[in-house]
Amino acid sequence: MQDAELLELVHDLESDRVERKASLSKQDRVPQAICEAICAFANDMPGHALPGVVFVGVHDDGTCANIQVTDELLLTLSQMRDNGNILPLPSMVVQKRTLDGCDLAVLIVTPSLFPPVRFKGRVWIRVGPRRAIASQDEERRLNEKRRSADLPFDLCPVRSATIEELDLGLFQSTYLPAEQSPDILAQNDRSVEHQLVSVRFLTPHPESRPTVLALLVAGRRTRDFLPCAYVQFLRCAGTELGDYVTDHKEIDGPLPDLIRRMEEVLEAHVSVPAGFQSGPTHVGRPDYPMEALRQLARNAILHRSYENTNAPVLIYWFEDRIEIHSPGGLFGRVTKENFGQPGSKDYRNPNLAAAMRTLGFVQRFGMGIQIAKRHLQANGNPPPEFQFAEGHVCVIVRRRP
């Protein structure tokens with residue numbers, strides 16, 4: 001946005017595209033009001049199809065607050081996108097701008113293609129110059145605003161499936177309470193179909209078909225519709241695939257069960273040696289740190305391609321290493337050069353990412369590889385090795401010497 005347009009918005013006190021804040025206190029690490037504003041601008045309830053702007057460094061009357069715009073302030077604002085409280089992830093830019101001699105931190109939010117966007121389970125919208133929680137009817141209208149032609153694959157409807165293919169018990173007992181706030185759930189007049197639509201598990205009436213996301217998270221027979229949606233585990237008593245196989249499993253099911261079972265298998269194969277000192281038995285370090293394997297395996301499930309492939313996630317466990325193969329190459333702005341670096345993130349399956357965050361399988365977006373590296377180093381393992389091909393990504397974890 002040009003300076004002239006931003007300056008006009010600063011002084012337009014009636015605009016519903018502007019949020020002003022004089023400053024952030026040190027205690028205000030994740031400012032509630034700004035997060036609510038990001039959510040509201042992303043939802044674009046008035047239908048402007050134009051960005052909303054949060055100005056930090058200006059009073060409510062449009063006058064300059066004369067603050068110092070530091071790198072720490074800009075970092076605090078930019079981290080609101082990735083902390084997992086606003087889902088699906090908003091598209092936003094944070095900049096330092098000087099308008100009419102006043103230094104400002106400017107946060108520009110683009111309307112989402114996939115509303116409703118929620119902050120901590122609540123759908124926020126703009127009602128004139130103020131923020132408000134969306135009513136049931138307003139939330140329904142946001143559902144209808146989705147542009148089906150631009151949907152990522154994880155939101156595409158599966159036309160051969162019906163609502164009967166979903167485990168509604170799992171959805172209502174596990175996913176819904178984690179995704180929506182208690183006061184929203186207390187509105188008992190919402191039908192199951194409305195609840196499914198609100199979290200992108202079902203396309204709006206009249207089609208009403210489960211999405212790819214719904215079948216991945218809560219499908220009764222996911223592989224009937226997505227044959228690739230499973231993990232193949234193979235343990236070899238050597239260092240090559242041709243060596244004797246000591247364990248082989250195909251792990252599938254709805255996402256919570258699949259991840260739980262996969263991690264149980266990995267943990268069962270981790271070896272923790274016991275040693276003796278001049279006293280009681282002590283436990284040595286494992287050959288692989290479980291937290292590193294957990295992060296890398298979840299990454300493979302999250303970032304893989306589920307479209308136009310029948311290949312599962314492959315986990316090969318050899319005597320000297322573990323290989324995790326994820327179908328689908330690098331995506332979007334992620335390259336071989338910036339892979340795994342903070343800030344270099346893109347999402348082939350943005351709504352699956354939001355669902356995994358909701359279910360607690362992702363604590364902070366874009367940090368899985370960094371967490372894995374730290375745990376490997378602390379355990380004495382070499383750093384992970386990554387191999388990239390057009391059709392898949394492979395990570396190799398070497399056994400601790």
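Colleague: Asn66 lies in a loop, but between which strand and which helix?

Modeller: This is a predicted model, in which local features need pLDDT of at least 70, side-chain atom pairs count only at pLDDT 80 or more, and totals for chains, interfaces and linings use all residues. Residues are numbered from 1 along each chain as its sequence is written, and side-chain values use heavy atoms, with hydrogens and water left out. Helices (H or I, at least four residues) and strands (E, at least two) are DSSP runs numbered from the N terminus. The loop of Asn66 lies between E2 and helix H3 (71–78).

Colleague: What is the phi of Asn66?

Modeller: Most residues other than glycine have a negative phi. Asn66 is a residue other than glycine, but its phi is positive, near 55 degrees.

Colleague: Is Asn66 buried or exposed?

Modeller: Buried means under 20% relative accessible area, exposed over 50%, and partly exposed in between, with a 1.4 Å probe and protein chains only. The relative accessible area of Asn66 is 66%, so this residue is exposed.

Colleague: Arg200 is not a glycine and has a positive phi; is this residue buried or exposed?

Modeller: Arg200 is found in the loop between helix H7 (192–198) and helix H8 (212–218), with a phi of about 70 degrees. Its relative accessible area is 5%, so Arg200 is buried.

Colleague: Which residue does a cis peptide bond join to Leu87?

Modeller: Most peptide bonds are trans. At Leu87 the bond is cis, with omega about -10 degrees. The partner lies in the loop between strand E3 (86–87) and E4, and it is Pro88.

Colleague: What is omega for the cis bond from Pro115 to Pro116?

Modeller: Pro116 is found in the loop between E5 and strand E6 (118–119). For the bond from Pro115 to Pro116, omega is near 5 degrees.

Colleague: How many residues of strand E5 (residues 102–110) are buried?

Modeller: Strand E5 has 9 residues and is largely enclosed by the rest of the structure. That follows because the buried ones number 7.

Colleague: Which residue of E5 stands opposite Gly52?

Modeller: Two strands pair if DSSP finds at least two bridges between them. Strand E2 (residues 52–56) and E5 run antiparallel and are joined by 5 bridges. Opposite Gly52 in E5 stands Val109.

Colleague: Which residue takes a positive phi in the hairpin of E4 and E5?

Modeller: Strand E4 (residues 91–99) pairs with E5 in the antiparallel sense over 9 bridges, and Thr98 has Asp103 as its bridge partner. The hairpin has 2 residues between the strands. The residue with phi near 55 degrees is Asp100.

Colleague: How many residues does the largest nonpolar core have?

Modeller: A nonpolar core is a set of buried Ala, Val, Leu, Ile, Met, Phe, Trp, Tyr and Cys residues joined through side-chain atoms within 4.5 Å. Phe201, Val217 and Ile315 are among those with the most contacts inside the largest core, whose residues number 67.

Colleague: Which helix gives the largest share of this core?

Modeller: The share in question is 8 residues. It comes from the helix of residues 290–303, H11.

Colleague: Which residues does Asn310 touch, leaving out those up to four places away in sequence?

Modeller: Contact means heavy atoms within 4.5 Å. Asn310 is found in the loop between H11 and strand E13 (313–317). The residues touched are Pro227 and Cys228.

Colleague: What is the volume of the largest cavity?

Modeller: On a 1 Å grid over the protein atoms alone, a cavity is a set of points where a 1.4 Å probe fits but cannot get out, and a pocket is an open set with protein on both sides within 12 Å along at least five of seven lines; lining residues have an atom within 4 Å of a point. Grid points are joined across faces, edges and corners, and a volume is the space filled by probe spheres set on the points. The structure holds 4 cavities of 30 Å³ or more. The largest cavity has about 620 Å³.

Colleague: Which element supplies the largest share of the lining of the largest cavity?

Modeller: H11, strand E14 (321–327), helix H13 (368–379) and strand E16 (392–398) each supply at least two residues of this lining. The largest share, 7 residues, comes from H11.

Colleague: How much space lies in the largest pocket?

Modeller: This is the open kind of space, in contrast to a cavity. The space in the largest pocket is about 460 Å³.
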